[in-house]
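User: I should like to understand how the terms used for a protein model are justified. Please take me through the reasoning step by step.

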Amino acid sequence: MKTTDFKRLVGILTLLVLTIASAQAQQKAKIADKELVGVWLMESMQYEGEKKIECGTNYTQCKVFGANGEYACAEVVKQKDGTYVILPHEYGTYTLKDGVYTEMGRAPYKGNFEWVDKTHFKGQWKNRHDVWKKSLNIPEKLTNFIVDKCKANQAPGAEMQKLIGQYMFK
């Protein structure tokens with residue numbers, strides 16, 4: 001084999017190896033949907049056109065996903081005096097099937113969920129891009145407290161709905 005033919009062959013093989021490696025690196029993480037079960041903390045959020053906000057110092061969001069489809073979401077804020085406040089956002093159900101994620105029965109939209117690895121996922125809500133990290137050490141007592149706070153923040157029942165409409169709105 002001539003030297004130029006050998007160099008050409010090595011070049012082609014190198015290009016082939018690089019192409020395959022690049023394709024493998026770009027593949028989406030194939031992670032079982034069941035891996036979502038647990039407690040997740042927002043690591044960062046970024047509104048389109050704005051600077052990324054790192055979470056976990058004075059603000060974060062927490063999502064709790066139960067194996068039964070239970071879903072709870074709350075904001076957690078550190079106040080100036082060092083105390084923490086949990087602001088329940090919602091409680092209800094979620095689904096994750098074949099990488100398609102929905103909350104509260106709402107229709108999924110493109111880009112709202114993407115696995116990074118078993119402990120990270122990216123999500124999008126309207127024009128905000130979020131990164132979430134699974135927490136492996138939050139005690140069950142705290143998890144249950146957050147879920148209970150979110151459950152208690154639900155809309156009033158039918159009787160209270162009627163009274164609110166009758167006495168508070170025209």
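**Reasoning about helix α2, the cysteines and the cores**

Analyst: In this predicted model, the cover over the buried residues of α2 includes β1, β3 (59–65), β4 and β5.

User: Which residues of α2 are the buried ones?

Analyst: They are T143, I146, V147 and C150. Because their arc around the axis is only 95°, these residues lie on the same side of α2. The face turned away from that buried side carries the exposed residues K141 and A152.

User: What span does α2 reach, and what span is expected at 1.5 Å a residue?

Analyst: Helix α2 comprises 13 residues, 140–152. From its first C-alpha to its last it reaches 18 Å, close to the expected 18 Å.

User: Why is C73 called buried?

Analyst: The term buried requires a relative accessible area under 20%. C73 has 2%, and therefore it counts as buried. The same cut-off applies to C55: its relative accessibility is 14%, so C55 is buried.

User: Why is C73 not bonded to C150?

Analyst: A disulfide is a covalent bond between the sulfur atoms of two cysteines. To be counted here, the two sulfur atoms must lie within 2.5 Å. The closest cysteine sulfur to that of C73 is in C150, at 6.8 Å, and this is too far for a bond. A search of the whole structure finds 0 disulfides.

User: What makes a group of residues a nonpolar core, and which members of the largest one touch the most others?

Analyst: The members must be buried residues of certain kinds, such as Leu, Phe, Trp and Tyr, joined through side-chain atoms within 4.5 Å. The largest core has 16 residues, of which L36, W40, F65, Y101, F113, W115 and F121 touch the most other members. Strands β1 (38–47), β4 (70–78) and β5 (84–97) each supply at least two residues of this core. Its largest share, 3 residues, comes from β1. Apart from this core lies another, of 11 residues, including C62, V64, Y91 and V147.

User: Which residues does Y101 touch, leaving out those up to four places away in sequence?

Analyst: Among them are L36, K63, F65, Y71, Y94 and F113.

User: How many helices and strands does the protein chain have, and what share of its residues is buried?

Analyst: The chain has 3 helices and 9 strands, and buried residues make up 28% of its 170 residues. Along the sequence, the pattern is α-β-β-β-β-β-β-β-β-β-α-α.

Terms used
Residues numbered from 1 in each chain as written. Predicted model: local features only at pLDDT ≥ 70, side-chain atom pairs only at ≥ 80, totals over all residues. Heavy atoms only, no water. Buried < 20%, exposed > 50% of the residue type's maximum accessible area, 1.4 Å probe, protein only. Helix = DSSP H or I, 4+ residues; strand = E, 2+ residues; numbered from the N terminus. Contact = heavy atoms within 4.5 Å. Expected span 1.5 Å × (residues − 1). Arc of directions from axis to C-beta.
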